[in-house]
Amino acid sequence: MTTRRITHWIGGKPWTGDAARTGPVYDPATGQVTGHVDLADAGTVDEAVAAAHEAWQEWRHASLTRRTQVLFAVRQILNERKAELAEVITSEHGKVVSDALGEVTRGLEVVEFACGIPHLLKGGFSENVSTGIDSYSIRQPLGVVGVISPFNFPAMVPLWFVPVAIAAGNAVVLKPSEKDPSAAVLMAQMWADAGLPDGVLNVVHGDKPAVDRLLEHPDVRSVSFVGSTPVARYVYETGTRNGKRVQALGGAKNHMVVLPDADLDLAADAAVNAGFGSAGERCMAISVLVAVEPVADELVARIAERMATLRTGDGRRGCDMGPLVTAAHRDKVASYLDAGVQAGAELVVDGRDVHPDGEDGGFWLGPTLFDRVTPQMPVYTDEIFGPVLSVVRAASYDEALALVNANPYGNGTAIFTNDGGAARRFQHEVEVGMVGVNVPIPVPMAYYSFGGWKNSLFGDSHAHGTEGVHFFTRGKVVTSRWLEPSHGGLNLGFPTQQ
Ligand code: NAD
């Protein structure tokens, strides 16, 4: 079988150099290697940063009208070609095509948000702060910004940052995951087709050496990172030590609390959808269900019943759940099934028994359900990032809340209840960045900001929304006086209002 070469996109075209290192790219539903991706060394990252820096000299002066014209055009192209993009995502990530389309749609929302950049960049103006003196604030781009994205949303996560960064007048070097790199290149082509000048968006593929170079390059002003918590912490610490502005979004362990008065059918549907969608490879997946007694037995039964109806298989065949991203990741996730049993959890549904609708070589693991999980067990403490849902039984609302708040992660959470007072108390008391009330995956719309608390985010700014605009710009305040014929006279005192 012939494999494709996937290379960098620098200065508006594919890179023509020879890579010293490459990495395999798989079709997770067949297990076949379908491509090899060039892995950038420091020199290649430098080429991309230089192209971005040169392009920025022009782009920083582009009028708001010109920038929004590009954004509207890229929105149109992404919309027209989203099916093609979704297929590319499925072929390298494995998620089912409808889910891939969903991530493109959520990414498009950020493009639409960024189309409003003229309004978002409006500053304040105060007339006559002192006699004959006006003061106003403006926000200006940072320069070259780095974006480093994970494998699980190869289109949506880059789109959380790239449209806002470009709309704000920056030039971008994007380093997507080396596991599913093609979506980023396809999107870079779309931006070029939309009229974005060469070099304003560059894509470099790679792993740690490429990331390290972005973190130390003096012309890279900021880094937006999304990935696992250990790497996020490293990126935050290294980047800030090098004087960069950094937002580093990390891992998650999202709890869904079900109170006794909840609609149990709604809760069971939600647990299955949010636990096993995208094979659990979502940072907002529900991985822990906290059942407040006496509903646990009933809830577990209803969830297991629904799981029996799920079809796991090739994402192009209309299945509910696809394979995991690589064989190594599948094996790691599967190892937690033994670990859970050894620790004393009850394995209600074993994903290893799955009969996938797909090739034998695919990286399969079916949906798995554990009951009677306790907070000391590895299935609870670790981010598994696969189709494994753990049920923890709690005696009361207070016990459930304490469990969520004691967890080192704080990305997303949800409460299922028909009691408005309990829901309101939960949203007030819970120490998590994104909260759902009878909504299992509370991913904010683009005009709000996305981000977690605690070990799920290092830095001060969340992604997109007004926080995203602030992250990609810096403020300036101008105090101005246009001289009238009279002269102010000499005064060496500190300026005060007159
Ligand atoms: P990862 O941390 O392995 O990789 C993320 C990025 O970092 C990739 O581009 C990768 O090439 C790079 N990288 C990997 N190891 C590195 C190292 N040692 N030094 C420097 N760079 C390195 O994460 P992943 O497996 O691609 O993605 C899954 C993880 O991302 C999960 O933990 C998930 O929770 C998290 N995630 C979080 C969010 C969020 O919004 N908080 C969103 C999506 C995914």
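Q: A polar contact is a pair of N or O atoms within 3.5 Å. What makes the pair between Glu-383 and the ligand a polar contact?
A: This is a predicted model. In it, a polar side-chain atom of Glu-383 lies 2.6 Å from an oxygen atom of the ligand. The cut-off is 3.5 Å, so the pair counts as a polar contact.

Q: What makes Lys-175 a polar partner of the ligand?
A: An N or O atom in the side chain of Lys-175 is 3.0 Å from a ligand oxygen atom. That is within 3.5 Å, so this pair counts too.

Q: Which part of Gly-227 lies 3.3 Å from an oxygen atom of the ligand?
A: The backbone: the atom is a backbone N or O of Gly-227. Since 3.3 Å is within 3.5 Å, this is again a polar contact. As for cover, the ligand taken alone exposes 840 Å², and the protein buries 87% of that.

Q: Why is the ligand said to lie between two domains?
A: Its shell draws residues from domain 1 (4-250 + 456-478) and also from domain 2 (254-437), so the ligand lies between them. The space it takes is the largest pocket.

Q: What makes up the shell around the ligand, by class?
A: There are 14 nonpolar, 9 polar and 4 charged residues. Of the 27 residues around the ligand, those coming nearest are Ser-149, Glu-178, Ser-228, Gly-250 and Glu-383. Helix α8 (208-216) and strand β11 (220-226) each supply at least two shell residues.

Q: Which value describes the peptide bond from Glu-293 to Pro-294, cis or trans?
A: Omega is near 20 degrees, and the bond is cis. Pro-294 sits in the loop between β14 (286-292) and α11 (296-307).

Q: What is the phi of Asn-128, positive or negative?
A: Phi is near 60 degrees, a positive value in a residue other than glycine. Asn-128 belongs to strand β6 (residues 125-130).

Technical notes:
Residues are numbered from 1 along each chain as its sequence is written. This is a predicted model: local features need pLDDT of at least 70, side-chain atom pairs count only at pLDDT 80 or more; totals for chains, interfaces and linings use all residues. Side-chain values use heavy atoms; hydrogens and water are left out. A residue is near a molecule or strand if one of its heavy atoms lies within 4 Å of it. A polar contact is a pair of N or O atoms within 3.5 Å; within protein, one must be able to donate a hydrogen and the other to accept it, and residues adjacent in sequence count only if both atoms are side-chain atoms. Accessible areas come from the Shrake-Rupley method with a 1.4 Å probe; for residues, only the protein chains shown count as cover. On a 1 Å grid over the protein atoms alone, a cavity is a set of points where a 1.4 Å probe fits but cannot get out, and a pocket is an open set with protein on both sides within 12 Å along at least five of seven lines; lining residues have an atom within 4 Å of a point. A molecule sits in a cavity or pocket if more than half of its atoms lie within 2 Å of its grid points. Helices (H or I, at least four residues) and strands (E, at least two) are DSSP runs, numbered from the N terminus. Ala, Val, Leu, Ile, Met, Phe, Trp, Tyr, Cys and Pro count as nonpolar, Asp, Glu, Lys and Arg as charged, and the others, Gly among them, as polar. Domain bounds come from an automatic or database domain assignment.
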